[in-house]
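Here are some notes to read alongside the structure. Please keep the model open and look up each residue as it comes up.

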Amino acid sequence: MQTVEYSEFSEVLHERFQGRRSPVEVSIEMTRRCPLDCLHCYNNLPMGDQEARKQEMSLAEHCALLDELVAAGCMWILYSGGEIFARKDFLEIYTEAKKRGFLITLFTNGILINERIADHLAKYPPFSIEITMYGATRETYEALTQVRGSFDRCMRAIDLLLARKLPLKLKTVPTSINQHEVYEMKRFSETRGVEFKFDPLVNPRIDCSQSPLAVRLSPEEAVALEFYDTRRKDDYRRLAKEDLATGAKTITGESTRYFCGGGVNGCAIDPTGTMTICVISHQQGYNIREGSFREGWEGPIREIRAQKKTRPTICDRCQIQSLCSMCPANGELENGDAESPVEFLCQVAHLRAYALGFAVPEHGDCPSCTNPAQHSALQESAQRIQAQVGDSREWLERKAPPLLNILQTSNTGAACHSCSSH
């Protein structure tokens, strides 16, 4: 049998499907229940939430879905949560997916992984397992998760998976609670030969609560943290040069509202069977329990993906779009409107450019460009970021917050009730 590197295999497949609409990548949320109560999480529910449990797709429904995905040409599946192992039948569902030949990635916090689970994964290895870390120390980790003992259980899971030589990756979400330990987590990963990544974007909850934003980093903190990674900083510099050399262009090149791969080469399915463009877009969708995956993909999801923009925005002529994480789903979560730019993301994009020494051409009534106070504040932030030198630990240790009460009552904020689908 001829073998090829995965990168070559993936490149060939993506070239084959380029320009074709096909659901080759599907994200499946198994449950929103989770044993942790992380302050920054956008979708977790308590483990004992019986109403949520009753609404989740059954083992039989998941197996039927897998058959439909085979027929539709899907090749990659991402299983996420909540916490995937909160479902006692997850390994059964996972094994059925493996038997059908899917390339499977698992997102987990790891704290429910034991020898039995690790042994099963070793017998039926996934393409990748990604564990989210919440701190490099027990105090910080559990300040964010609000669950005693969770740090040790996560460390044990990492050891169990590495001992079985499973394809593990580690990652984190920097917040005001754990930002000072991000690079300690990176060093922890590197000493174990494990890839590490982080993304400073924290979203509101899908039930409309803004509570996660209480621990979101400021734009300056986010960019300063990113730019301590020389390779990441160089990547942003390359993207900025390419964008500014290209000149003004619309964010999509056409008039459609959505411009990512959602609805073109993939989609998401939530625990109740609702198909959407992606895992954080929930204003529009289709429930496969009312028909089939194929009907949803060819009907409502196609229609959602083809929706036209209703108005111009400051994003349309922005020349640093590659430095920005703005997408319609972020607009939905933060502003309740897919076409409404997220100010935090706009500020982060401008600050990345300014800290790299680039000027940003004005593009409409963008506050980061035209508001004198905001523009001046971002320029001052850029100067402070440029002045950071030496070992990142010195600066990051000064950012360490006072130790929190790790068993504080979770304050998720009052969710609005206008989103009936949530």
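1. In which sense do β9 and strand β10 (residues 274–276) pair, and over how many bridges? The model is predicted, and in it the two strands pair in the antiparallel sense over two bridges. One residue to find here is I269, whose bridge partner in β10 is M275. The hairpin of β9 and β10 has four residues between the strands, and G273 takes a positive phi near 95 degrees there.

2. Strand β9 (residues 266–269) also has a partner in strand β1 (residues 25–29): these two pair in the parallel sense over four bridges. To locate this pairing, look for S27, which stands opposite A268 in β9. β9 thus takes part in a parallel pairing with β1 and an antiparallel pairing with β10.

3. Next, the side chains of β9. G266 and A268 point one way from the strand, while C267 and I269 point the other way. Are these residues buried or exposed? All of them are buried.

4. Now the helices. The axes of α6 and α7 come within 8 Å and cross at roughly 110 degrees. Angles of 65 to 115 degrees count as roughly perpendicular, so α6 and α7 are roughly perpendicular to each other. On the α6 side the contact is made by R138, Y141, E142 and T145, and on the α7 side by S150, F151, D152 and C154. Sorted by class, the contact has three nonpolar, two polar and three charged residues.

5. Two residues of that contact, R138 and D152, deserve a second look. Their side chains meet in a salt bridge, at 2.7 Å from N to O. The pair links distant parts of the chain, with D152 in helix α7 (residues 150–163) and R138 in helix α6 (residues 138–145), 14 residues apart. D152 has a relative accessible area of 39%, so it is partly exposed. R138, at 37%, is partly exposed too.

6. How many salt bridges does the count come to? The count comes to 30. Side chains of opposite charge can pair when their charged atoms come close. One of the pairs is E130 with K171, at 3.0 Å from N to O. E130 lies in strand β6 (residues 128–133) and K171 in strand β7 (residues 168–172), 41 residues apart, and the pair links distant parts of the chain. Both E130 and K171 are buried.

7. Another salt bridge joins the side chains of D207 and R205, at 3.3 Å from N to O. Buried means under 20% relative accessible area. R205 has a relative accessible area of 7%, so it is buried. D207, with 22%, is partly exposed.

8. Salt bridges can also be followed through several residues in this model: R21, R294, E298 and R302 are linked in a network of them.

9. The last residue to check is Y236, in helix α10 (residues 230–246). Is Y236 buried or exposed? Its relative accessibility is 12%, so Y236 counts as buried. Leaving out residues up to four places away in sequence, Y236 touches E226, F227, L323, R352 and L356. The C-alpha atoms of Y236 and A349 are separated by 9.9 Å, and these two residues are 113 residues apart along the chain.

Technical notes: Residues are numbered from 1 along each chain as its sequence is written. This is a predicted model: local features need pLDDT of at least 70, side-chain atom pairs count only at pLDDT 80 or more; totals for chains, interfaces and linings use all residues. Side-chain values use heavy atoms; hydrogens and water are left out. A salt bridge is a side-chain nitrogen of Lys or Arg within 4 Å of a carboxyl oxygen of Asp or Glu. Buried means under 20% relative accessible area, exposed over 50%, partly exposed in between (1.4 Å probe, protein chains only). Two strands pair if DSSP finds at least two bridges between them. Contact means heavy atoms within 4.5 Å. Axes are lines fitted to C-alpha atoms, for helices over the stretch in contact, and angles run from 0 to 180 degrees between N-to-C directions. Angles under 35 degrees count as roughly parallel, over 145 as roughly antiparallel, 65 to 115 as roughly perpendicular and the rest as oblique. Ala, Val, Leu, Ile, Met, Phe, Trp, Tyr, Cys and Pro count as nonpolar, Asp, Glu, Lys and Arg as charged, and the others, Gly among them, as polar.
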